[in-house]
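Here is a walk through one protein model, taken a piece at a time. Keep the structure open beside the text.

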Amino acid sequence: MTDTVNGSYGNNKAESGATDNHGPSLSNKGFETRAIHVGQSPDQWSSGIIVPPIHMGTTFKQYGPGLHKGYSHGRGGTPSRNSLEKCIANLDNAKYAFAFSSGLATITGVCALLKVGDHVICGDDLFGGSAKHFSIIGTDRGLEVEFVDTTNVDLIEKAIKPNTKLIWIESPTNPTLKVSDIPSIATLVKTKNQGILFAVDNTFFTPYLLKPLDLGVDIAAYSLTKYMNGHTDLIMGAITTNNEEISKRIDFILSTMGSVPSPFDCYLVNRGLKTLALRMDRHVQNATEVARFLENHPQVERVIYPGLESHPQYNLVKKLSKGASGMIAFYIKGDFKTSTAFFEALKIFTLAGSLGGCESLAESPLKTSHESIREDLKQKLGINENLVRLSIGLETAADLIDDLDQALKIAAAAS
């Protein structure tokens, strides 16, 4: 927070907060160092406390009409939110970051940049909530939405129309873990020169494994609920951008629509970011071991993990990211009775939705996250009764493998 009295409204955002009152710039320091220190200098607080305090107040003192220290109302910004946004921006090599009340709220914010009649190209394999948002809420408010396999850049180019204003993709996708060639899509968007915004949901990779803005993306979106918080105890989202005009519009949209997170939740994500690098390394390590085990299991038909050589975009993943994250999808041999027996036999994995926490989770996308997706799209994507999605946590890898092995054996006996 600045000590200068001014008349600005909102959270007085800094551009990434790289210096952050620590004296020497932190911009050339490592990811782990920046995750712990950016936006969190003890010099910001009169007490000198090491951990940023939680500012739960809803309003702030004014020193004259419209004159304040950068904050006037909690909806426009708080020191707790500003601290988090500075850190996220810095980790994503972004000038600006905005924290939202949920991951889906980030889509609401981005769609508010559009107008009636605008054409939106979406990846055909999105989180179920995202797909519903675009296909139902988006079309209801006058957007023309088209779903395309974004791993094929030619299909994206063919889908672009004169009124196309947004391309929204997930990479990797949810739940079938397809990876798109982000730099090639970014180049395509720029060659069209018609003001198309290119947005990437980078939730699965996080800024630790991949930074979309460095690859030419206009907007990176995150469900902070997942890996970046990492402890399965809050719901929040974030957007990053290097575009000043987009940042001004998103800032207005966020404070006007009111899709803001609580200061306490911002504090929790700040805490989670301090261990993001350590956690992601362990997620990748565990997931790689589990995926290799599953690939050789007689009860498994096919494994989808971007870190396996068998993945169709394996070389692209190696080129673009530091790792393949902690999500695995696989097809169990048998039918719905078989997969149900598998889920019921798990002891360490918990049958639950969501992902990215310390604990390992298993789910049937057909019956949870993607239950409401159109039947024809489910069939096209292979979202069926045999598909299992795993969120690999931080437990001992051997214990996870043993749990999967015993559950698969029970499932085989039930089929």
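Which residue of β12 is the bridge partner of Ile328? Leu390 is that partner. Keep in mind from here on that the model is predicted.

That bridge is part of a wider pairing. Strand β9 covers residues 327–332. Strand β12 covers residues 387–391. Five bridges join the two, and they run antiparallel. Another of the links starts at Ala329, whose bridge partner in β12 is Arg389.

Ala329 also has a partner in β8. There, Ile304 is matched with Ala329 of β9. Strand β8 spans residues 300–304, and its pairing with β9 is antiparallel over four bridges. In general, strands of a sheet are held in pairs by backbone hydrogen bonds, in either the parallel or the antiparallel sense.

Now step back to the whole sheet. It is open, has five strands and follows the order β8-β9-β12-β11-β10. Its pairing is mixed. At the edges are β8 and β10, the latter at 350–351, and each of these pairs on one side only.

Helix α12, residues 336–345, packs on this sheet. It touches β9, β10, β11 (361–363) and β12. The direction of α12 makes about 135° with that of β9.

How many residues of β9 are buried? Six of the six are, so the strand is largely enclosed by the rest of the structure. Cover comes on both faces. On one side, Met327, Ala329 and Tyr331 are buried. On the other, Ile328, Phe330 and Ile332 are buried too.

Phe330 brings in another theme. Together with Phe342 and Phe343, Phe330 forms one aromatic cluster. The count of aromatic pairs in the model comes to six. Elsewhere, a charge meets a ring: the charged end of Lys226 sits over the ring of Phe127, 6.0 Å from the ring centre.

Return to α12, and follow it to a second helix. This is α14, residues 397–414. The axes of α12 and α14 come within 8 Å and cross at roughly 145°. The crossing is right-handed. On the α12 side, the contact is made by Lys337, Thr338, Ala341, Phe342 and Ala345. On the α14 side, the residues in contact include Asp403, Leu404, Gln406, Ala407 and Leu408. Ile410, Ala411 and Ala414 of α14 also take part. Phe342 thus appears both in this contact and in the aromatic cluster.

Another helix pair is worth a look. Helix α2 runs over residues 79–91, and helix α9 over residues 263–273. Their axes come within 8 Å and cross at roughly 35°. This crossing is left-handed. From α2, the contact uses Ser80, Arg81, Ser83, Leu84, Cys87, Ile88 and Leu91. From α9, it uses Pro263, Cys266, Val269, Asn270 and Leu273.

Is α9 largely enclosed or largely open? Eight of its 11 residues are buried, so α9 is largely enclosed by the rest of the structure. The buried residues are Pro263, Asp265, Cys266, Leu268, Val269, Asn270, Gly272 and Leu273. The elements that cover them include α1 (31–37), α2 and α10 (276–295).

Last come some backbone details. As a general background, most residues other than glycine have a negative phi, and most peptide bonds are trans. Where does this chain depart from that? Begin with the loop between β4 (164–170) and α6 (182–192), which holds Pro172. A cis peptide bond joins Ser171 and Pro172, with omega about 0°. Pro175 has its place in the loop between β4 and α6 as well. Asn174 and Pro175 are joined by a cis peptide bond, with omega about 20°.

Leu177 also lies in the loop between β4 and α6. Its phi is positive, about 60°, although Leu177 is not a glycine. Is Leu177 buried or exposed? Leu177 is buried, with a relative accessible area of 2%.

Thr206 gives another positive phi, near 65°, in a residue other than glycine. Thr206 lies in helix α7, residues 206–209. Thr206 is buried, and its relative accessible area is 0%.

Technical notes: Residues numbered from 1 in each chain as written. Predicted model: local features only at pLDDT ≥ 70, side-chain atom pairs only at ≥ 80, totals over all residues. Heavy atoms only, no water. Phe/Tyr/Trp six-rings, centres within 6.5 Å; stacked < 30°, edge-to-face > 60°. Lys NZ or Arg CZ within 6 Å of the ring centre and 35° of its normal. Buried < 20%, exposed > 50% of the residue type's maximum accessible area, 1.4 Å probe, protein only. Pairing = 2+ DSSP bridges. Axes fitted to C-alpha atoms, helices over the stretch in contact; angles between N-to-C directions. Left-handed = near helix turned anticlockwise from the far one by under 90°. Contact = heavy atoms within 4.5 Å.
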